[in-house]
Amino acid sequence: MTANPLTPADQWTIRRVLEWTTGYLTEHGSESPRLEAEILLAHARGCPRIQLYTHFDDELSEDVRGRMRALVKRRANLEPVAYLVGHREFFSLDFEVNSDVLIPRPETEMLVMEALEFLRGVTAPKVVDVGTGSGCIAVAIACHAPTTSVTAIDVSEAALAVARRNAARHQVEDRMTFQRGDLFAPLSATDTFDMIVSNPPYVATDDQTGLDPDVVRHEPHDALFAGGDGLAVIRRIIEAAPQHLRPGGTLLIEFSPEQTDAITGLFDQSGQFEEVTILRDTSQQSRAVRARRLP
Ligand SMILES: C[S@@+](CC[C@H](N)C(=O)[O-])C[C@H]1O[C@@H](n2cnc3c(N)ncnc32)[C@H](O)[C@@H]1O
């Protein structure tokens, strides 16, 4: 891109900072350097991204440049953009995120769609989200199924604090309960639900090769890894879920495509479920399982 002749080369205008940052992030391995440069600069200026284009030749204040320098340095250290700006969109809702929670992934939106489909036919449904993290699944369900009560469980108190703030942000906290503990441990033995939904940790501890370095270096390992085969948490959810599902209730779990056979095997072994169905994501990969507790 040619320099604007009206802009002296020594002025740090929006245009120039974007160009410089794009080059710098490219050198540091970013796959979307221009987009990231724009998101970070909009965040540093506290303005919508579109405003950068209408103020291309504005010079940046020393304050904004300082904030931008710090953000770019962290991004070059592979810190995810969502952590740098403090939020991420999921199911068309804006969620607060920080390094205590997994960044919500687009493929997880399928779980919410499936849940909403099931809940349509249920009066005043009760749902539990196990491993709620940012609360993205639980809050999206509560927002779109307004008669539903949602219990959100996580082993991490720091994650629950983020989930609580996200519930408040979307004004569904009056229908949500937050509990800290290991899987179903915070529930009483007689608590039953119409649906259990979970995007649990499911990456095999020894298999970090498929993960981006951004993920391994910055996202919480308790949210990612689950034993040598990645199934340590899912196995326990399938075992314990029948006790907390009403007969005919639905269990919905996200997993990794290569785990499909193992997952169907776990449901066969359990013998407590029917209509075990593998669901595919938008890239046609097996990504989740839906099963009904036997009546
Ligand atoms: C893959 S993240 C999913 C977060 C969120 N539901 C989402 O879809 O973005 C898994 C979450 O499960 C939590 N977790 C891991 N082991 C757990 C356990 N044994 N009991 C409860 N929560 C657990 C982690 O702290 C993390 O927040």
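Student: In this predicted model, is Thr108 buried or exposed?

Tutor: Thr108 sits in the loop that leads from strand S2 (93-96) to helix H6 (109-119). A residue counts as buried once 20 or more other C-beta atoms lie within 10 Å of its own. Around Thr108 there are 21 other C-beta atoms within 10 Å, so this residue is buried.

Student: Which residues does Thr108 touch, not counting residues up to four places away in sequence?

Tutor: The chain brings distant parts of the sequence to this loop residue, since Thr108 and Ser198 are 90 residues apart in sequence while their C-alpha atoms are 9.7 Å apart in space. Leaving aside residues up to four places away in sequence, the contacts of Thr108 are Cys136, Ile137, Asn199 and Glu254.

Student: How many of the five residues of strand S3 are buried?

Tutor: Strand S3 covers residues 126-130 and is largely enclosed by the rest of the structure. It pairs in the parallel sense with strand S4 (residues 149-154) over five bridges, and four bridges join S3 to strand S6 (residues 193-198), again in parallel. Of the five residues of S3, the number buried is four.

Student: Which residue in S4 stands opposite Asp129, and how does the chain get from S3 to S4?

Tutor: In the pairing of S3 with S4, the residue opposite Asp129 is Ala152. From S3 the chain passes through helix H7 (residues 136-144) before reaching S4, and this β-α-β crossover is right-handed.

Student: Which residue in S9 is the bridge partner of Leu279?

Tutor: Strand S8 (residues 273-280) and strand S9 (residues 286-293) run antiparallel and are joined by six bridges. They form a hairpin with five residues between them, and Gln284 in the turn has a positive phi of about 65°. Across this pairing, the partner of Leu279 is Ala288.

Student: Which residues come nearest to the ligand?

Tutor: The shell around the ligand divides into 14 nonpolar, seven polar and three charged residues. Helix H7, strand S4 and helix H10 (221-224) each supply at least two residues of this shell. Of the 24 residues around the ligand, those that come nearest are Gly131, Gly133, Val155, Asn199 and Ala223.

Student: Where is the pLDDT below 50?

Tutor: The chain averages a pLDDT of 94, and 97% of the residues score at least 70. One stretch, which has eight contacts in the model beyond near neighbours in sequence, has a pLDDT below 50. Where pLDDT is low, the predicted coordinates should not be read in detail. The stretch in question is residues 1-7.

Technical notes. Residues numbered from 1 in each chain as written. Predicted model: local features only at pLDDT ≥ 70, side-chain atom pairs only at ≥ 80, totals over all residues. Buried ≥ 20, exposed ≤ 12 C-beta atoms within 10 Å, placed from the backbone. Pairing = 2+ DSSP bridges. Right-handed = clockwise from strand over helix to strand, strands pointing away. Near = placed C-beta within 6 Å. Nonpolar A, V, L, I, M, F, W, Y, C, P; charged D, E, K, R; others polar. pLDDT = per-residue confidence, 0-100. Contact = placed C-beta atoms within 7 Å.
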